[in-house]
Amino acid sequence: MKKPFLSIIIPAFNEANRLPDTLRKINAYLSKQNFLSEIIVAENGSTDGTYTIANDMQGEICCLTVLHENRRGKGWAVRQGILKARGDYRFICDADLSMPIEEIAKFMPPLELSAPIAIGSREAPGAVRYNEPQYRHFVGRAFNRLVQLLLLPGLSDTQCGFKLFREDTVNAIFPLLTIFGWTFDVEALFIAKKLGFKIVEIPIHWYHHPHSTVRVLPDSVRMGLDLIKIRVNDLLGRYHASS
């Protein structure tokens, strides 16, 4: 089997309603491209039939692989999916497809040639947010201030769910992850910086969907504690490149 140029990894927890439409849109986009690709759904701990629905769609979408994990956590699902993927470039994609899939072209060669990691940004010049509640925007900006203060100065949006990693960065970064909830993004990007990988932010058009699984207040507290854990891990030397 030939190696794909692009892998799209979709973490999926209780996404039975949204996933079929998302997969069809992604497959329609990929079918028009001149490179080989694959889609990986990393389902973990769903209770609404997400795994069964995704499995059934393999008959409709030939490049689709479905993984099942009992352990919950978006970071865990992403880690399992991105390490299982085979593509030269591996794109993390939220199941709600809040960024139109056509925008993925901004992240990859030939448009983006200067960095091994490209992350979607709702804050970079040229980005546009649609229909986001003010309180969600405020909480997100407050969290980003903490991220920049403690770990990643200069990155304006670490939590956007659309990120592209070149294959060599995946193999260097993701085996070192210790956080498997929402804050895995920050840890992955912090490790990338530690290992000397360049990160660029790509301005995107982003649409808020009301059925988010994020619990703003409790998850924000957990994520704040995770930032401290990342700093402690760094002090303990847990983010050194494996030999």
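1. **Exposure classes and the model.** A residue is called buried when its relative accessible area is under 20%, exposed when over 50%, and partly exposed in between. Lys 25 is a case of the middle class: its relative accessible area is 44%, so Lys 25 is partly exposed. Please keep in mind that this is a predicted model.

2. **Overall build.** The chain has 7 helices and 9 strands. Its radius of gyration is 17 Å, close to the 18 Å that the globule rule gives for 243 residues, so the chain is as compact as a globular protein of that length. Along the principal axes, the C-alpha atoms fill a box of roughly 45 × 40 × 40 Å.

3. **Burial and contacts.** Of the 243 residues, 51% are buried. Contacts also reach across the sequence. Among contacts with a separation of 6 or more, 80% join residues 24 or more positions apart. The accessible surface of the chain is about 11,400 Å². Carbon and sulfur atoms supply 55% of that surface.

4. **Charges.** How many positive and negative side chains does the chain have? There are 29 positive and 25 negative ones. The centres of the two sets lie 4 Å apart. Side chains of opposite charge can pair when their charged atoms come close. In this structure there are 17 salt bridges. Three of them are taken up in the points below.

5. **Lys 3 with Glu 167.** These two side chains form a salt bridge, at 3.0 Å from N to O. Lys 3 sits in the segment before strand 1 (6-12), and Glu 167 sits in helix 5 (residues 167-173), so the pair ties together parts that are 164 residues apart in sequence. Both ends are partly exposed: Lys 3 has a relative accessible area of 39%, and Glu 167 has one of 26%. The pair is also part of a wider group. Lys 3, Asp 88, Arg 90 and Glu 167 are linked in a network of salt bridges.

6. **Asp 21 with Lys 25.** This is a salt bridge within one helix. The side chains meet at 3.3 Å, N to O. Both residues lie in helix 1 (residues 19-30). They are 4 residues apart, about one turn of the helix. Asp 21 is partly exposed at 43% relative accessibility. Its partner Lys 25, at 44%, is partly exposed as well.

7. **Asp 94 with Lys 74.** Here the closest N and O atoms of the salt bridge are 2.8 Å apart. The pair links distant parts of the chain, 20 residues apart. Asp 94 is in the loop between strand 4 (89-92) and strand 5 (117-121), while Lys 74 is in helix 3 (residues 74-84). Are these two residues buried or exposed? Asp 94 counts as buried at 16% relative accessibility. Lys 74 is buried too, with a relative accessible area of 17%. Both values fall under the 20% cut-off, so both residues take the buried label.

8. **Helix 3.** The helix that holds Lys 74 deserves its own look. Why is helix 3 described as largely enclosed by the rest of the structure? In helix 3, 9 of the 11 residues are buried, so the helix is largely enclosed by the rest of the structure. The buried set includes the charged residues Lys 74 and Arg 79. Trp 76, Val 78 and Ile 82 are also among the buried residues, as are Gly 75 and Gly 81.

9. **Positive phi at two non-glycine residues.** Asn 14 has a positive phi of about 50 degrees although it is not a glycine. Asn 14 lies in the loop between strand 1 and helix 1, and at 28% relative accessibility Asn 14 is partly exposed. Leu 97 also has a positive phi, near 50 degrees, and is a residue other than glycine. Leu 97 lies in the loop between strand 4 and strand 5. That is the loop that holds Asp 94. Leu 97 counts as buried, at 12% relative accessibility.

10. **Gly 49.** Where does Gly 49 lie? Gly 49 is in the loop between strand 2 (37-44) and helix 2 (50-56). Gly 49 is partly exposed, at 29% relative accessibility. From Gly 49 to Ser 7 the C-alpha to C-alpha distance is 24 Å. In sequence, Gly 49 and Ser 7 are 42 residues apart.

Conventions:
Residues are numbered from 1 along each chain as its sequence is written. This is a predicted model: local features need pLDDT of at least 70, side-chain atom pairs count only at pLDDT 80 or more; totals for chains, interfaces and linings use all residues. Side-chain values use heavy atoms; hydrogens and water are left out. A salt bridge is a side-chain nitrogen of Lys or Arg within 4 Å of a carboxyl oxygen of Asp or Glu. Buried means under 20% relative accessible area, exposed over 50%, partly exposed in between (1.4 Å probe, protein chains only). The radius of gyration is taken over C-alpha atoms; the globule rule is 2.2 Å times the number of residues to the power 0.38. Contact means heavy atoms within 4.5 Å. Accessible areas come from the Shrake-Rupley method with a 1.4 Å probe; for residues, only the protein chains shown count as cover. The place of a charge is taken as NZ of Lys, CZ of Arg, CG of Asp or CD of Glu.
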